[in-house]
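Subject: The structure for you to look at

Hi,

Here is the structure I promised to pass on. Have it open while you read, and I will go through what turned up.

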Amino acid sequence: MNNTDLKSLEIKKLIESSIVYKDHITIDLIGIFFHQLMIYATNFYIIKNNKKNYIGKINFPFLNNEYVKEIPKLNFDDNIKRKTSAIHKIIKFIQFFFSFSTSIDIEGEGNAFFEKKNFIVRNFFKYKFNQTLNKKIFIKDKTEQIYNLQILLEKIAISIDIKEKDDFILNFIKYVNSYISQKPVFSKSDILIVGSNTNLISRINSAIYLSQGKKVICISHGEHSPYVIDEPSTGYGEFSYCSDYINFGRELDYSQLKYAFPITKLPTIHYRNSKIIKSYYKNNKNIKYINLKNSTKILYIPTIFSGNARYGPFRDIEDDLYQKWQNSIMSLDYNINYKIHPKNKIEPQSNYQKIVRKNLKDILNKYDFYLLDYISTASALCVATDKPIIYFNLGQRNLLKEAKELLKKRTFWVDIDFDKDLSFQINKAIKDFNEIKKSYVNHYTEKYSLSENNKSTIDILEEILNKT
């Protein structure tokens with residue numbers, strides 16, 4: 001474990017020990033801003049202790065070199081009131097003429113709304129659907145909680161060796177205050193459906209609903225269970241601030257967890273299928289060996305470059321090092337296609353001959369072989385195919401013990417040492433793959449992406465609502 005990971009876990013413990021209200025009935029300010037505190041503190045630490053010049057624009061709580069070198073006094077504009085989207089206006093107008101016994105708020109237009117449009121269509125005449133517009137939260141004992149936050153920030157500043165800590169503390173408190181309402185904020189529906197609760201606005205609305213004794217249903221993303229990653233953000237983010245969580249895959253042994261515990265007890269967890277994986281996974285348990293040669297059509301699928309948006313623990317490596325790694329992959333004398341990440345702000349190197357920009361789901365089966373170096377939605381999709389995979393472990397994620405064991409049985413796993421020649425390690429990995437000539441077995445997909453009950457997201461949503 002590197003210094004960043006160790007320091008990040010130390011900061012996590014400081015935050016956890018400062019949370020006063022863990023039952024969600026009384027809203028806890030530190031609990032709400034857990035993720036933002038982790039970003040702010042660990043991002044500061046990473047930049048402070050890295051020779052690289054992080055010159056990007058500040059996107060608070062993500063920082064840059066100028067901020068770390070001489071902390072400025074920041075001001076945060078009052079949050080702009082959110083507007084009702086056009087599609088919600090239409091829904092609201094049509095449903096105005098109907099009477100409903102239950103109303104549902106859906107937070108967010110992306111993950112939590114458009115992906116669930118079939119659920120809305122199927123239940124259009126059964127429930128009243130609203131779009132949550134809250135961007136602020138009311139804190140009853142604000143003075144006391146702000147004081148607790150200040151004490152925590154002082155401890156964090158000492159932990160990461162900030163000498164002039166006043167503005168470090170004040171800036172975060174100003175940031176928090178921009179999300180605090182001066183008057184009580186009430187939920188307008190009976191039930192809330194959200195995507196990831198690492199998103200601050202989703203978390204704010206989830207906390208409002210839970211504090212009023214209402215049900216919050218959180219729906220996972222990524223085509224496999226987030227619990228393949230035993231990392232703090234999985235626990236304090238995904239599995240906190242909800243009463244029900246709709247997961248992928250099958251029942252897990254949560255006693256394996258080391259870092260990914262939620263703030264309170266686990267919510268009620270429901271398991272469903274990944275729709276996309278179910279559509280092409282046909283008992284792909286046994287993956288046959290193929291000889292990797294120059295003509296083999298290979299797809300390399302890297303993750304995004306982080307820029308200034310780095311935080312710990314276990315998240316990423318600096319861009320220059322990752323670029324050097326990618327150059328080593330793409331300089332190989334093989335037929336390698338480079339799948340650019342859809343959110344990447346850095347264009348691939350000009351000498352990369354074959355750049356793929358299409359959606360991975362649309363081109364997945366056009367390749368014979370995959371090269372992976374990150375655990376993500378892309379890795380879940382690739383693992384579910386019947387194609388061989390070399391997985392280069394760059395030390396960026398902390399896998400659940402069982403998930404790591406299953407992934408090692410599914411892929412040709414290679415640990416990479418950045419202190420040694422990268423090209424040599426990659427070529428050796430390919431040579432070893434060809435010489436060993438082993439077959440691989442996939443139990444990962446059924447465990448983490450497909451449920452035993454064969455239910456969809458809509459099936460489970462309807463089951464939860466029918467019991468409410």
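Asp-161 is in the loop between α7 (142-159) and α8 (166-177). Please keep in mind that this is a predicted model. Asp-161 is not a glycine, and yet its phi is positive, at about 60°. With a relative accessibility of 39%, Asp-161 counts as partly exposed. For background, most residues other than glycine have a negative phi, and most peptide bonds are trans.

His-24 is another non-glycine residue with a positive phi, here about 70°. You will find His-24 in the loop between α1 (3-18) and α2 (29-32). Is His-24 buried or exposed? Its relative accessibility is 11%, and the cut-off for buried is under 20%, so His-24 counts as buried.

There are cis peptide bonds to look at as well. One joins Phe-60 and Pro-61, with omega about 10°, and Pro-61 belongs to the loop between α3 and α4 (65-69). Another runs from Gly-312 to Pro-313, with omega near 0°; Pro-313 sits in the loop between β10 and α12.

Now for the interior. In soluble globular proteins, nonpolar side chains tend to be buried together. Here the largest nonpolar core has 99 residues, and the members that touch the most others are Phe-168 and Phe-172. Helix α3 (residues 34-48) supplies the largest share of this core, nine residues. A second core, separate from that one, holds 30 residues, including Leu-292, Tyr-322, Ile-390 and Ala-429.

What does Phe-168 touch, once neighbours within four places in sequence are left aside? Its contacts are Tyr-40, Phe-44, Tyr-67, Ile-71, Leu-153, Ile-156, Ala-157, Ile-160 and Ile-162. Phe-168 also belongs to a cluster linked by ring pairs, together with Phe-33, Tyr-40, Phe-44, Phe-60, Tyr-67, Phe-76, Phe-172, Tyr-175 and Tyr-179. Note that Phe-60, from the cis bond to Pro-61, is in this cluster too. Over the whole structure, the search finds 31 aromatic pairs.

Some rings have a charge over them. Lys-52 lies over the face of Tyr-54, 5.6 Å from the ring centre. The charged end of Lys-297 is placed over the ring of Tyr-367, at 5.1 Å from its centre.

Helix α16 is worth a slow look. It covers residues 422-436, which makes 15 residues, and at 1.5 Å a residue it should span 21 Å; the C-alpha atoms at its ends are 21 Å apart, so the two agree. At its start, a side-chain oxygen of Asp-421 comes to within 3.3 Å of the backbone nitrogen of Ser-423. Just after the helix, Lys-437 has a positive phi of about 55°. Which residues of α16 are buried? They are Leu-422, Gln-425, Ile-426, Ala-429, Ile-430, Phe-433 and Asn-434. These buried residues pack against α12 (319-330) and the strands β13 (369-372), β14 (389-393), β15 (412-415) and β16 (440-441). Ala-429, as mentioned, is also among the members of the second core.

Helix α18 has its own buried residues: Thr-457, Ile-458, Ile-460, Leu-461, Glu-462, Ile-464 and Leu-465. What covers them includes β1 (103-106), α6 (117-122), β5 (191-194), β6 (215-219), β7 (244-248) and β8 (268-272). Ser-456 lies in the loop between α17 (444-448) and α18 (457-467) and is partly exposed, at 29% relative accessibility. Ser-456 and Gly-395 are 61 residues apart along the chain, and their C-alpha atoms are separated by 33 Å.

Last on my list is Ile-304, in the loop between β10 (298-301) and α12. Its relative accessible area is 29%, which makes Ile-304 partly exposed. How far apart are Ile-304 and His-341 in sequence and in space? They are 37 residues apart in sequence and 5.7 Å apart in space, C-alpha to C-alpha. Beyond residues up to four places away in sequence, Ile-304 touches Tyr-322, His-341, Lys-343 and Asn-344. Of these contacts, Tyr-322 also appears in the second core.

Happy to go through any of this with you.

Best wishes

Key. Residues are numbered from 1 along each chain as its sequence is written. This is a predicted model: local features need pLDDT of at least 70, side-chain atom pairs count only at pLDDT 80 or more; totals for chains, interfaces and linings use all residues. Side-chain values use heavy atoms; hydrogens and water are left out. Helices (H or I, at least four residues) and strands (E, at least two) are DSSP runs, numbered from the N terminus. The expected span of a helix is 1.5 Å times one less than its number of residues. Buried means under 20% relative accessible area, exposed over 50%, partly exposed in between (1.4 Å probe, protein chains only). Contact means heavy atoms within 4.5 Å. A polar contact is a pair of N or O atoms within 3.5 Å; within protein, one must be able to donate a hydrogen and the other to accept it, and residues adjacent in sequence count only if both atoms are side-chain atoms. A nonpolar core is a set of buried Ala, Val, Leu, Ile, Met, Phe, Trp, Tyr and Cys residues joined through side-chain atoms within 4.5 Å. Rings of Phe, Tyr and Trp (its six-membered ring) pair if their centres lie within 6.5 Å; planes under 30 degrees apart count as stacked, over 60 as edge-to-face and the rest as tilted. A charge sits over a ring if NZ of Lys or CZ of Arg is within 6 Å of the ring centre and within 35 degrees of the ring normal.
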